[in-house]
Structures are given as C-alpha cells and as structure tokens.
Protein chains: 2
Amino acid sequence: MQPKITLKDLANLAGVSISTVSKALNDSPEIGEKTRVKIKEIAESYNYVPNNIARSLKSKSTKIIGVIIPAILLEFFSKVLYGIEMEATRLGYKIVICLSNESHQKEVESIDTFINGSVDGIILSVAEETQKNKDYSHFYKTLKYNVPMVMFDRVIDEITCDKVTVDDFEGAFKATNFLLEIGCENVVFLNIISNISVGQLREQGYVSAMQKSDKEVKILTPQHYNEIEKELLPVFKNEKVDAILAADEYSAVLAMNVARMNGYDIPKDISIIGFTNGLISEHAIPSLTVVSQHAENIGKQAVSSLVNRLESETSTETIHTVVKTNIVERNSTR
Amino acid sequence: MQPKITLKDLANLAGVSISTVSKALNDSPEIGEKTRVKIKEIAESYNYVPNNIARSLKSKSTKIIGVIIPAILLEFFSKVLYGIEMEATRLGYKIVICLSNESHQKEVESIDTFINGSVDGIILSVAEETQKNKDYSHFYKTLKYNVPMVMFDRVIDEITCDKVTVDDFEGAFKATNFLLEIGCENVVFLNIISNISVGQLREQGYVSAMQKSDKEVKILTPQHYNEIEKELLPVFKNEKVDAILAADEYSAVLAMNVARMNGYDIPKDISIIGFTNGLISEHAIPSLTVVSQHAENIGKQAVSSLVNRLESETSTETIHTVVKTNIVERNSTR
DNA sequence: TTGAAAGCGCTAACAC
DNA sequence: GTGTTAGCGCTTTCAA
C-alpha cells in the first residue's frame, strides 16, 4: 500500500515550504494568487487529501460522536440511530457506533475506547445488565475525564449528564386512560421489561391512571417472551379482562394471539395497546394501536444536546429533555 | 473542560523522562521494576488514558473500519451491520458508520471523510442512485488512494475490490423451482427493485428456472410500492396465476393482501414467496415463505475479507465471496 | 536502566 | 508574500 502524499511532498514538488502549502490549500490571504493556484493544481494532480488524524491531534477535536446502543436489531434503536446520524451529519459530525448487546462488560469496553480522545462526546442508552447490576463506575469515569455524555431512553438518575427520554410515565398514563375512556373496565399491564427503567416508568403511569379512576391494578411481569402465554392464560380463563396494555410491541402482538386463541375477538371483546411504533405493529392483524415514542426525534435531540455542550464555552447545568409520546390509533382498540 | 493528562505530565510528576514513562506503561523490559510500578501507580491515580489520535498518527493505523450503508431502517442492513459489528469487535476493530440514504452525493461525501486517514478500510453497499447513474468516480478514487474496500450485497462489477454477495441468481432460481415443484404452473415475478443489481440478478434466476421448465415468464416491475396493486390487478383478473415470487418481503406481503382482496385463498389458490427473512415475513398472516440471505453472515464475511487484506503483507487478488441462500418455508406456500 | 531526540502530518504564531 | 519554528501526544532508535 503506497504511502499517501503529504504536505511535505507537495512542498518539495512545488519548491516551497510546508507552511506555504498548508496556507495555500487553506486559502489563507497571506499567500499570493499564482502560488496558491499552482500549489492547488499540484495537490489536485497528486490526489492530495489532508490527513484527518493529524488535524485532530492538532485541533484536539475529532468531530466524531461515539454512540453506544444496547441492540441494533431492536427497531427502536435503529430508528434512534437514524435520527442521530441525520442530525450529526447536519451539524458536521460523524458517528462511531459500538453495540453493548445489553452486556455490562461490552459497555465498559466501549466507554474505554471512546474516552481516549477518539471522540468528542458520547451518546448512549444503558445496557440491561448495567441497569440490573447497578455498577456505574464506567459512567463516573467518563464524567471524571470530562467527556461530554448524553444518555437517552434508558438513563440513570444518579449520573449527572444530559438526558433525553420519552415520557414513559405519561405515555402509559395516556394509553391507560384511552382504554378506560373507550369503555374498558379491566385493564391488565403486561410488563416484559420490568427490569429496565423504562418498563418501571410505564408501570407507574399505568398504576397511576388506574388508581385515579378507582380501577383495580393487575400487572404481569413475565421474564421472557415465552412466558407470556403461561402468564396470560389464567387471566383469560378466570378473570374478566377487556384490555391489555403491553410494555412493548412484540408482547402486545403475542397477547393478541393468545387472546384470539382463547376465543376473544379483537377489538370487540378486548382492546390491546403496545409501546413502540414499529413494523410489527403496523403489519400485525389486526394492526396494533401503539404509544409512539418518536424514536428519530430522540436521536436528534440527543445529538443536539451533545453538540450544544461541545460547542458552548461555558459548562451549563445538565438538561433533561423529555420527548412526548402520542397514541397511534389502529384496529386493536375499539 | 480540563485538559487530559499526558505522558509529559506524568513524566513531570514522576521526575523521569517522557520516554521512560512511555516504556514503563507499555511494559518495556528496558525499565526497572520499581520505576515501572511507581509510574503505573501515578498514571492510575491521575486517571491517565493514552491518546488514541496520537497513537494513530504514529502508527498510521486506526483500527477503525468505515461502513457506508444505504439505509439503516431496512432490516436487512441493520442485520448486516450487526454481523459487521460482531466480527469487527472480535478482530479488534471499531466501526464508523455513515448512511448514504440511497443518495449518490452522500455516498461521495462519506467516501471523502473516510479516505483521509480516519479509517483503515471501508465496507459498503452501493446507494440506489449510484447504481442508477453509474457514476463511480468516488470508488475509483478510493482505489487510487489505496484504501482497502469491500462491497457487499449491492456491488459494482467494474470496480476491482473484494466483494461479498448473496447468490441472488441461485436464490431466485431455487425459489422458482420450489414453486414449480409444489405444482404451480404460472409463476409471476414481482420486481420492485429492478433498478438495483440485486433485483436484476433475482430476475435472471427466475427467468432461467422458468425457461428450463418451459414455463412462460411474466415479470412486473413497479417503481414504487404504491404501484403494486395497480400492476397486479389485471393479472389477477385476466390471467391465471398460481404463484408469485417477489423481490423483497414487503412487496410479497402487499401481494398477499391484493391476492386475498381478489378472492384468492393463500396458499390454496396461490403460493407466495418473498426475499429477506425479516420481522414482516415472520409476522405476516399467513407467515411468509422466504429466501433468506443470512444477512449477519454477509456482514461477518465482509469484515473478515477486509481485515485479511489489511493484515496481510502482500496484496493478493480480490476475492468475491458468495453467501448461499436458503428457503425458509412457512405458510404462504402449499 | 534511563534519557534525548526525531518524527508521524498538520497548523499557526512569528520572523523575514 | 513566504519561510522558520514550535508543538499537538505518542513511540522508538540511539546514546549515555
């Protein structure tokens, strides 16, 4: 692999000094018209490209944002990523992505590879394992190193940094009210993600709405998708239930299936709402009414918070941006 | 943002020279036991992290792979990305991602930001617009700059670089044969992606299988999803058709809907196969039989080809890896 | 065993 | 208008 051409090479070729070349290429007014043109021609003909690494070393800024997401196969995260990439590009930044795959260890390693100068700042959503074991030392390290960090969706209260979340509490609250208002009496909350912050907030929103209307709370917390049927069966058999609010979209679709297999007609006998407005919801039959979190917006907000901090001189208070949800009404609710 | 601690700072603190610190931290045998321990302690207590940019400048290698994908919201690409990230991590590389969003311009810009030393090599799938306008100058530039590049899925024959593709021809050939073998007589090929290489290869595979069995070829090439119904209607009304092979999964699901609305029972009256084994296929009703491309494998292969080239001294012939497809049988075929 | 010095490619203050 | 020089943080050869 032949070495790339450098400023020095160009200087030799043009018979001038390195700094003259540098200035000429950067359109410095110090340099004379003909010299500049000549140098630019030479650079062009030799396919000169400035070395970005050297520039970063000099400028102490990389114009790169490090992103750590727990799982790219979850559509929600790829949508957020889309928003992040769009906004980063708009603001002149590139993104580097690491996947934690919900593992604490991988999250720690990703942080380590980011805080050595390779990125100007970090955007991340906390891995499930980290939310369970509550070992936040890598985040404290990031703060200590003064690397700006923005957490989105799955955030940690005790870490002081900018945050972008969905109003999960309010989303669940609104969805529960929606169900009550269309006449449902017995709303069950199916929480497949009771382990993570997001799931807990949704649960609280549900509980709050139910209690406000003096309804009885009924929560199921299966630990895995394959436990959903087992948990739901006794409810369908022995209790009256006319609505299910599920903490994600996939469990909502599974709940629809179980309901149907037990003779329920959707939405006549039972109404179902899920969280996350993804492909599955759209293409399920019947199509699923969901609480949309506006994943792209979350990504954009996160970038915008981070870049704000990067480019403002003074270090201001941390900001917690809350993105509002809304209900996308489809055919799984009356 | 307080400046990070450097080797120089540590040298001052320890009262030794910079190079001693460097060697001590890198466990050089040149350095004495006690000095090394002392220096490491100081480094530890001051939270020293070596600056990766400076290292890259010195070593001329970043251990970063640049990835350009046309669209992250297409599940296929996020699966490939998953494979890329896994394999890259395993081999000690990070990935930087740019999205071309199918735009030629953005693809060119992404290439530009990569070939300035920020990455060791590039993995990409060509944007639709580039495949249409056939302007490949940015790829030639990459070759000229000796930046190793691997193209996957959507590749360009005339560019000499490593490639990883799915055997699209064979996939369509096998799927068509599958339909013929279960007794279908009139198989229609619905090609929503006739603009891109992948779509053309699938079409050829279909044609080849049909001709081999002396069946009449019937191809539809809608330019957008919203034209599918219009294109299919006359076929359903006026011709006999008992099978549809669609070039992606979404058009297959739409075709199922149109078929059903026209009184066809699936799979009794008509069998349908799509390409891409994604969420939609799995959750469609009936679930969709598909040709799976093993997206993750494609990603892994691409990384492995690239790293091979990066780490081997000699520059060998370019390699075109072909990942085999297989048919995932579900309920949309008899 | 430790240190001095050069250099990776670039920028910019300062001199000429 | 052009060149000299120092320096970003690190590694590494060579000298002490």
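**Chain B: symmetry and an open sheet**

In this predicted model, Val96(B) has its C-alpha closer to the rotation axis than any other residue of chain B, at 2.1 Å. Local features need pLDDT of at least 70 and side-chain atom pairs pLDDT 80 or more, while totals for chains, interfaces and linings use all residues. Residues are numbered from 1 along each chain as its sequence is written, and chains are lettered from A in the order in which they are written.

**Symmetry**

- Chain B is superposed on chain A by a rotation of 180° with 0.0 Å of shift along the axis, and the RMSD is 0.1 Å; the fit is by least squares on the C-alpha atoms of residues with pLDDT of at least 70 in both copies.
- This is the relation of a two-fold axis.
- The copies meet through the same surface, because 98% of the interface residues of chain B are also interface residues in chain A.

**The sheet**

- Chain B holds an open sheet of 6 strands with mixed pairing, in the order β7-β6-β8-β9-β10-β12; strands are DSSP runs of E with at least two residues, and two of them pair if DSSP finds at least two bridges between them.
- β7 (218-220) and β12 (326-328) of chain B stand at the edges with a single partner strand each, so one side of each has no neighbour in the sheet.
- Strands β9 (residues 271-275) and β10 (residues 289-292) of chain B run parallel and are joined by 3 bridges.
- Phe275(B) has Val291(B) as its bridge partner in β10(B).

Technical notes: Heavy atoms only, no water. Helix = DSSP H or I, 4+ residues; strand = E, 2+ residues; numbered from the N terminus. Contact = heavy atoms within 4.5 Å.
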